[in-house]
Amino acid sequence: MLARLTPRVRMLLTLVLVVFSILALLRIGFFLYFLRPQAAMHGEALWRAFWIGVRFDLRLALLVMLPVAALSFLPWPLRLRDSRLSGGLLTGYLTVVALALTSFYVADFAHFAYLGERINITVKEFFNDQRDSMLMVWQSYPVVRLALLLAVSGYIGYRFAGWLLARYRSQVWPQRGWPARLMVVGVCLALFCVGILGKVTSVVPLRWSNAFFSGNVQISSLGLNPVMYFFDTYSNQGTSYDREQVRAHYDQISRYLGVDEPDAEALNFVRRSAGNDNTTRPNVVFIMLESLGANRLGLYGNPTGATPHLDALANNQSLFFPRFLVPASGTARTVFGLVTSIPDVSWGGSTSSRNPVIIDQYTLVNEFEDYHKLYFIGGDAGWANIRGLLEHNIHGLELWEQKDFNAPTVDVWGISDRELFKAAHQRANEVAKDGPFVMFIQTAANHRPYTIPVDDSGFEIKQPDMDELSKYTWLDHAQYNAARLLDFNINYYLTELVAGSEYERNTIFVLYGDHNTRGTFGQHMSWSEYLGLDGYHVPFIIHAPGIIEEARVMDVNASLVDILPTVLELAGLPYENRTMGRNLFDIDPDWNYVTVFGGDRSVRPSIGLIGAEHYLQMYYNGEQPRLYSLLEPSLDNERTELEPEKAAQMKNLLEGLYETQRYMLHHNKK
């Protein structure tokens with residue numbers, strides 16, 4: 001059969017089959033490396049995603065073939081059968097293809113290992129901070145070996161092109177009449193169109209949205225081709241808010257927020273708190289717990305002992321919020337959300353802190369009037385334009401970053417957390433003599449490359465049985481020990497540095513995670529793990545010796561944006577709030593909801609609403625709403641049709657909150 005085909009058809013068919021086979025093998029490797037643990041629970045969905053994915057692979061293989069097909073049809077003197085120039089173009093093209101595909105897939109695997117999503121246009125965020133990004137890559141990945149892999153793939157592409165060209169030129173062209181030639185061309189074109197469409201029964205082509213049939217983002221990732229997906233996301237980079245939708249939902253959102261004087265025409269969101277008569281104004285220290293998810297703490301039932309000090313802290317003159325979630329995963333989004341008290345719901349390739357159009361923001365940090373305002377970050381504050389966000393909006397801020405410390409750099413993220421705490425404590429102890437202060441400490445050690453500094457701290461690396469650790473979310477010993485080190489340093493700061501200091505007894509310490517990191521399934525967790533919310537579910541502890549007399553568990557849904565109004569209330573300070581954040585000491589049970597924003601944040605983000613007993617997830621435009629029970633959590637236990645009234649009520653509220661959040665990003669200037 002093959003012998004009856006022309007050399008051109010055989011060459012093109014060989015090229016497509018080779019490229020397609022490589023892409024399919026890479027897809028199998030992706031599944032085995034990243035998604036194999038999900039096979040038992042989501043086997044059918046994974047097979048469906050895989051089938052979608054291989055059709056994208058075939059499309060890419062056919063597109064790779066097109067320039068070669070064009071070359072093969074060039075007439076004399078550029079005829080591929082005997083032209084040195086055309087032969088050189090073919091060899092060069094396939095060499096570049098090999099290099100490009102290898103680069104894309106290496107970047108894709110690294111991107112997924114880092115962020116849990118296929119490579120897309122949001123990767124351009126890392127080029128905004130090229131130095132830090134390049135250093136992190138150098139310190140986290142085997143760059144030299146990957147460079148060798150790239151060189152080898154280029155060489156293989158070069159040799160394959162030479163073999164394919166020699167084989168094409170050595171073959172004899174069969175003699176056929178025009179009818180036979182037309183039939184071959186017709187069949188080839190038909191097969192090509194089917195392969196490009198990705199479907200047989202429809203003229204609507206296979207699209208990236210087909211891969212998002214599941215509410216589970218990781219399952220959807222198996223249905224995507226990284227090259228095709230990257231260019232799909234490049235051409236679709238976000239939408240703007242809808243003012244009329246904000247106005248249409250204003251009545252319920254104003255009640256959700258507790259607006260003092262509702263005005264739908266003016267879209268007024270202002271609330272005021274008078275504070276109390278307390279003459280002693282407490283200091284406040286905010287400590288961001290880098291990449292520490294709820295499922296890593298003993299407080300949530302993790303028995304691996306990574307966080308003994310945080311576990312004990314929550315039970316000692318503290319308020320512990322077990323149902324606390326960040327609205328969007330990612331450090332830059334968390335810094336923005338904390339400072340502005342508005343969820344960072346930007347999508348299409350960037351974060352709000354990097355958007356110059358919305359850099360001017362009202363912040364409740366300025367409601368700490370006549371306070372010293374300090375911010376400590378161990379690395380470069382230019383990362384993600386954090387410096388611009390902070391200095392532009394916080395009045396009188398004293399910003400400390402890597403260049404300001406007399407401490408060695410340990411990795412791409414700057415100085416160690418231990419040295420960061422030392423510097424922050426020293427400065428806090430100085431300013432506490434002159435009046436109250438509010439201080440932010442942004443830790444970074446619990447982050448790739450998980451550096452354990454060589455110092456005199458006495459911290460000891462442990463390596464428990466990996467089979468046991470993997471049952472409770474840990475991917476490896478490096479991840480486990482980095483979380484242990486963070487917990488160790490928190491204890492060092494609170495028990496060794498703060499003890500006996502100028503601010504020991506009149507300070508509110510606020511500890512919160514900025515997001516979770518990818519891990520194995522946490523069998524000790526409940527709804528957040530089973531419903532794919534583990535990336536948002538993080539610890540939140542308010543520790544205030546002398547202010548909080550007895551430890552309490554605050555069983556209310558809480559969000560990152562609620563931190564500042566809640567702390568201002570606890571401190572007894574008067575403040576004006578015109579953000580999305582709420583005072584958690586005064587939440588109406590009928591409005592006990594928080595939102596999350598995630599999924600494919602490049603072209604089709606998903607939004608979610610968590611209530612007391614239910615979770616509603618849908619796409620940003622209201623498509624495919626799915627209602628789940630928090631009491632019987634499972635993505636297979638969809639209750640949209642079983643509880644239509646609840647689904648409709650939550651969908652309506654979620655639409656209003658999302659539109660208001662987007663509107664407020666542009667209309668809440670200081």
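Biologist: Why is Arg427 called partly exposed?
Modeller: This is a predicted model, and Arg427 has 22% relative accessibility in it. Buried means under 20% and exposed means over 50%. The value of 22% lies in between, so Arg427 counts as partly exposed.

Biologist: What makes Glu430 partly exposed?
Modeller: Its relative accessibility is 36%. Partly exposed is the class in between 20% and 50%, so Glu430 belongs there.

Biologist: How do you know that Glu430 and Arg427 meet in a salt bridge?
Modeller: The N to O distance is 3.0 Å. The cut-off is within 4 Å, for a side-chain nitrogen of Lys or Arg and a carboxyl oxygen of Asp or Glu. The pair therefore qualifies.

Biologist: Why are Glu430 and Arg427 separated by about one helical turn?
Modeller: Because they are three residues apart in helix 15, which covers residues 417-431. Elsewhere, salt bridges with shared partners join Arg272, Glu576 and Arg578 into one network.

Biologist: How many salt bridges does the structure hold?
Modeller: It holds 20.

Biologist: What makes Arg27 and Asp57 a salt bridge?
Modeller: Their closest N and O atoms are 2.8 Å apart. That is within 4 Å, so the pair counts.

Biologist: Which parts of the chain does the pair link?
Modeller: Distant ones. Arg27 is in helix 1 (residues 7-35), and Asp57 is in helix 2 (residues 39-72). The two are 30 residues apart.

Biologist: Are Arg27 and Asp57 buried or exposed?
Modeller: Arg27 has 4% relative accessibility. Asp57 has a relative accessible area of 0%. Buried means under 20%. Arg27 is therefore buried, and so is Asp57.

Biologist: How do you know that Arg387 and Asp380 form a salt bridge?
Modeller: Their side chains meet at 3.2 Å, N to O. The limit is 4 Å, so this pair passes.

Biologist: Why are Arg387 and Asp380 called partly exposed?
Modeller: Arg387 has a relative accessible area of 27%. For Asp380 the value is 32%. Partly exposed lies between under 20% and over 50%, so the term fits Arg387 and also Asp380.

Biologist: Which residues form the negative surface patch?
Modeller: Asp260, Glu261, Asp263 and Glu265 form it. Asp and Glu count as negative.

Biologist: Where is Asp260, and why is it called partly exposed?
Modeller: Asp260 sits in the loop between helix 11 (250-257) and strand 1 (271-273). Its relative accessibility is 42%. Exposed needs over 50% and buried needs under 20%, so Asp260 is partly exposed. Patch residues need over 30%, so Asp260 meets that cut-off too.

How values were computed. Residues are numbered from 1 along each chain as its sequence is written. This is a predicted model: local features need pLDDT of at least 70, side-chain atom pairs count only at pLDDT 80 or more; totals for chains, interfaces and linings use all residues. Side-chain values use heavy atoms; hydrogens and water are left out. Helices (H or I, at least four residues) and strands (E, at least two) are DSSP runs, numbered from the N terminus. Buried means under 20% relative accessible area, exposed over 50%, partly exposed in between (1.4 Å probe, protein chains only). Patches are made of residues with over 30% relative accessible area and no salt bridge: like charges are joined within 9 Å, nonpolar side chains (Val, Leu, Ile, Met, Phe, Trp, Tyr) within 5 Å. Accessible areas come from the Shrake-Rupley method with a 1.4 Å probe; for residues, only the protein chains shown count as cover. The place of a charge is taken as NZ of Lys, CZ of Arg, CG of Asp or CD of Glu.
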